[in-house]
Amino acid sequence: MRDSHTESDHHPDRDRDRLLVPVVDDDGAPFWEYAAQGELRVQACAATGCGELRFPPRPCCPHCQSFESEWQRMSGKGRIWSYVMPHPPLLPAYAAQAPYNAVVVELADAPHIRLVGNVVAEPGAALDSVDPARLRIGAKVQAAFTKGAGASAGASGVTVPQWLLERS
Amino acid sequence: MATLKDATAIVGTGQTPFARQLPESEKTLACRAVLAALDDAGIAPSEVDGLASYTMEETDEVEVAKSIGAGDITFFSKVGYGGGGSCATVAHLAAAIATGQASVGVAWRSRKRGSGPRPWKNTTAQLPTPAQWTRPFGLLRPADEIGMLARRYMHQYGATRDHFFNVALACRNRANQNPAAIMYERPLTRDMYMNSRWISDPLCLFDNCLETDGALACVIVSAERARDCRRRPVYVHSAAQGLPAQHHGMVNYWNDDPLTGPAWTAARQLWKQADFGPDDVDVAQIYDAFTPLIPLSLEGYGFCGRGEGAAFTEGGALESGGRLPINTGGGGLSEAYVHGFNLITEGVKQLRGTSTAQVPDAATCLVTAGEGVPTSALLLRS
């Protein structure tokens, strides 16, 4: 595992060497709180007779305009919708792992809900831990959560979902 | 209902030199471009009463107005979403002039993107939404964000790197005819393209626009006034902005069909207001921050069907003498990347008959702003 820092060695000079953590807003906060518990949940309208899922989260439902919402648990199964392999110039912590993959995953439970992420070899592994030759659009993936690892490496302890290729 | 059609005209354009690094400040460059445009129009700076630019423009109206010696300003506007706002700056002034809110409008963009900071490196200013859903995963730059759509487009419609090369080559060939272009003396070959370094696979170096210091401006007045100006008027025939339902900005991954972007929305409004259609466009200036934006825009603005944009680029279609010559000054890929403003001024040059890659008897020109973000477009005619 790269860049594993503890809270005690957090230092501003090191920030340049860390991967970015989510800058969370009110609407997105529940997603990250559930992620910290190892759950992939998506915002859904809680109005009677609606129930539409929406992502990214927002204050009200674009279908029925209700402000009532709940967070529905997803199976974590998905398929790669597209991906890129970024090369430098990049922020230092990303350049250190480049080229790495960044993917958009469409959820099996709701294909119009898509999440940006990284396909890794095992939970907590680096962004470049999977051979790019194994990536293809349509490949099945499964969400995995590891606190303070992989894309969230660093002192923040923020848990972000990662994706593992399913054996096909 | 009042209409914008041919009610106003662009009567002056101005530009500074383009370079990777210019010594003067953005403010100075802005003033030089604005004054050059007014001189081109034969209109005194004291007559300017309308201003429009981008929200990303660092030199604000107060600075421009007091520096150039403008009169009382009665209309000023800034348009958001980076290069998506380029054509809207002209559109806002056209609307203001057509409705009597101003009489002499100046739109401009000044940017030191070549020698200044890269916007994506500013991690402290990252917006909570949608950056929280993308940036931690290393989707950091516009090239990464558009690259994601590009690979999906290739997968879904069979587009290839050769199609993107066709775009890069057409722009480079026109730049090779344009002494003001950064790539004037630098031809591009397929070999160079295919062997260049990746920026964000599937996008290579030559799929990305230049990083440029420079400024441009244009002057808009009523059609009546335009007849008395120094230059042949170029009429604003139709103008539109486009923010599609459920659009998400440059990371538009979350609606039902991410590959139909803002161009489709702007196009519907643009053609609805126009006396002619895509088949009647003589030359087009299509926003080219990244090569895949051209096939997407060709589809969106109705030059071909859904998924046919890549194939449209084959057989020299985008070159001089082709089915639709594009970006005849070299565009953002090979002339200069100034948030698309050089596409507007090149459109004016074509309709004046003064382009360095002149399309014979060009009488109609489509100019588009950034695709993939909330956008805007203009139909110009002579």
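## Exercises on a two-chain model

In this predicted model, 35 residues of chain A are in contact with 31 residues of chain B.

**Exercise 1.** Work out which elements give two or more residues to the side of chain B that touches chain A, and what kinds of residue make up that side.

*Solution.* Start with the elements: they are α4 (142–157) and β5 (198–201) of chain B. Next, look at the shares. α4(B) gives the largest one, with six residues. Finally, sort the residues of this side by kind: you get 13 nonpolar, ten polar and eight charged.

**Exercise 2.** Find out how strand β3 (residues 77–86) of chain A is joined to β5(B).

*Solution.* Look for the bridges first: there are two between these strands. Then check the direction, and you'll see that the strands run antiparallel. For a concrete pair, take A:Met85, whose bridge partner in β5(B) is B:Asp201.

**Exercise 3.** Check whether the length of helix α1 (residues 26–41) of chain B agrees or disagrees with its number of residues, then see what the helix packs against.

*Solution.* The helix has 16 residues, and at 1.5 Å a residue they should span 22 Å. Now take the end C-alpha atoms of α1(B): they are 23 Å apart, which agrees. On to the packing. The buried residues of α1(B) include B:Leu29, B:Ala33, B:Val34 and B:Leu38, and B:Glu26 and B:Asp40 are also among them. The buried residues of this helix pack against β1 (8–15), α2 (61–68), β4 (105–112) and β7 (213–222) of chain B. Just after the helix comes B:Gly42, which has a positive phi, near 75°.

**Exercise 4.** Locate the cis peptide bonds that lead into A:Pro56 and A:Pro99.

*Solution.* Begin with A:Pro56. The bond from A:Phe55 is cis, with omega near -5°, and A:Pro56 sits in the loop between β1 (41–45) and β2 (69–73) of chain A. Move on to A:Pro99. The bond from A:Ala98 is cis, with omega near -5°, and A:Pro99 belongs to the loop between α2 (92–95) and β4 (102–107) of chain A.

**Exercise 5.** Decide whether B:Tyr81 and B:His339 are buried or exposed.

*Solution.* To count as buried, a residue needs 20 or more other C-beta atoms within 10 Å of its own. B:Tyr81 has 23, so it is buried. B:His339 has 28, so it is buried too. Now look at the backbone. B:Tyr81 isn't a glycine, yet its phi is positive, about 70°; its loop runs between β3 (75–79) and α3 (86–98) of chain B. B:His339 isn't a glycine either, and it has a positive phi of about 55°. You'll find B:His339 in the loop between α11 (331–334) and α12 (341–352) of chain B.

How values were computed
Residues are numbered from 1 along each chain as its sequence is written. Chains are lettered from A and ligands numbered from 1 in the order in which they are written. This is a predicted model: local features need pLDDT of at least 70, side-chain atom pairs count only at pLDDT 80 or more; totals for chains, interfaces and linings use all residues. Two residues are in contact if their C-beta atoms, placed from the backbone, lie within 7 Å. Helices (H or I, at least four residues) and strands (E, at least two) are DSSP runs, numbered from the N terminus. Ala, Val, Leu, Ile, Met, Phe, Trp, Tyr, Cys and Pro count as nonpolar, Asp, Glu, Lys and Arg as charged, and the others, Gly among them, as polar. Two strands pair if DSSP finds at least two bridges between them. The expected span of a helix is 1.5 Å times one less than its number of residues. A residue is buried if 20 or more other C-beta atoms lie within 10 Å of its own, exposed if 12 or fewer, and partly exposed in between; C-beta atoms are placed from the backbone.
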